[in-house]
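This report looks at the open spaces in a protein model and at the metal site that accompanies them. Please keep the sequence and the coordinates in view while reading.

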Amino acid sequence: MTELPLRGGCLCGAVRFEVTAPLASAGYCHCTRCQRRSGTAASASARVQPGSFRILAGEELLGAFEPRGGFAKVFCSRCGGALWSQDPDDPEVIGIRLGVFDGDPGIRPSTRQYVAYAAAWEPLPDDGLPRFPEARPS
Ligand SMILES: [Zn+2]
Ligand SMILES: [Zn+2]
């Protein structure tokens, strides 16, 4: 069992956060925004349960890229580390990048979305996860 709260932070350590309830779901995103944002082929994120996310330190360092028609991409302005995405219409809807947790976040990605845009240089792994050409159905 993964112990709660889950904690994590950015690369330089200035931004710290905690999650006080088990993560709700997790998946890989292969969209071009995630490729550009992360510099990688896909990004793994997990949705939090509403009300379970809290910033512990470094709130003043948070930056956000807010694309039209998409979630805000929140990062640390000191180190550039990607942290989470946030629904501009409902700030309780947050998807934390799995790589920023201190330890095992206790959840595994269960879907792959936007695979129609998957990077040419990295084949999709044959992991049996459901694949969606566009956004995964909610
Ligand atoms: Zn940082
Ligand atoms: Zn994406």
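## Pockets and zinc site

The second largest pocket of this structure, which is a predicted model, has a volume of about 180 Å³. Its lining is made up of 15 residues, and those nearest the centre of this second largest pocket are Ala-64, Ala-72, Val-74, Trp-84 and Gln-86. Four strands, β5 (53-57), β6 (62-65), β7 (72-76) and β8 (82-87), each contribute at least two residues to the lining of the second largest pocket.

The largest pocket encloses about 620 Å³ of space, and of the 27 residues that line it, Cys-29, Arg-47, Phe-71, Gln-113 and Tyr-114 lie nearest its centre. Two or more lining residues of the largest pocket come from each of β3 (25-29), α1 (32-38), β4 (43-47) and β9 (90-97), and β3 gives the most, with five residues.

The table sets out the two pockets by volume, number of lining residues and class of lining residue.

| Pocket | Volume | Lining | Nonpolar | Polar | Charged |
|---|---|---|---|---|---|
| Largest pocket | about 620 Å³ | 27 residues | 10 residues | 11 residues | six residues |
| Second largest pocket | about 180 Å³ | 15 residues | 10 residues | three residues | two residues |

Three of the elements that line the largest pocket, namely the strands β3, β4 and β9, are also linked by pairing. Strands β3 and β4 run antiparallel to each other and are joined over five bridges, with Ser-25 standing opposite Arg-47 in β4; Arg-47 is also among the residues nearest the centre of the largest pocket. Strand β4 pairs in the antiparallel sense with β9 as well, over three bridges, and here Ala-46 has Ile-96 in β9 as its bridge partner.

Which residues coordinate the zinc ion (ligand 1)? The SG atoms of Cys-10, Cys-12, Cys-76 and Cys-79 do so, at 2.3 to 2.4 Å. Because the four donor atoms around the zinc ion (ligand 1) subtend angles of 105 to 114 degrees, the arrangement is tetrahedral. Along the sequence, the spacing of the donor residues follows the pattern C-x1-C-x63-C-x2-C. Cys-10 sits in the loop between β1 (6-9) and β2 (16-19), whereas Cys-76 belongs to strand β7, so the pair ties together parts that are 66 residues apart in sequence. Both Cys-10 and Cys-76 are buried. Strand β7 thus appears in two settings, as it holds the donor Cys-76 and supplies at least two residues of the lining of the second largest pocket.

Methods. Residues are numbered from 1 along each chain as its sequence is written. Chains are lettered from A and ligands numbered from 1 in the order in which they are written. This is a predicted model: local features need pLDDT of at least 70, side-chain atom pairs count only at pLDDT 80 or more; totals for chains, interfaces and linings use all residues. Side-chain values use heavy atoms; hydrogens and water are left out. On a 1 Å grid over the protein atoms alone, a cavity is a set of points where a 1.4 Å probe fits but cannot get out, and a pocket is an open set with protein on both sides within 12 Å along at least five of seven lines; lining residues have an atom within 4 Å of a point. Grid points are joined across faces, edges and corners, and a volume is the space filled by probe spheres set on the points. Ala, Val, Leu, Ile, Met, Phe, Trp, Tyr, Cys and Pro count as nonpolar, Asp, Glu, Lys and Arg as charged, and the others, Gly among them, as polar. Two strands pair if DSSP finds at least two bridges between them. Donors are N, O and S atoms within 2.8 Å of the metal (3.2 Å for Na, K and Ca); water is not among the atoms, so sites may look incomplete. Four donors count as tetrahedral if all angles lie between 85 and 135 degrees; four count as square planar and six as octahedral if opposite donors are over 155 degrees apart and all others between 65 and 115; anything else is irregular. Buried means under 20% relative accessible area, exposed over 50%, partly exposed in between (1.4 Å probe, protein chains only).
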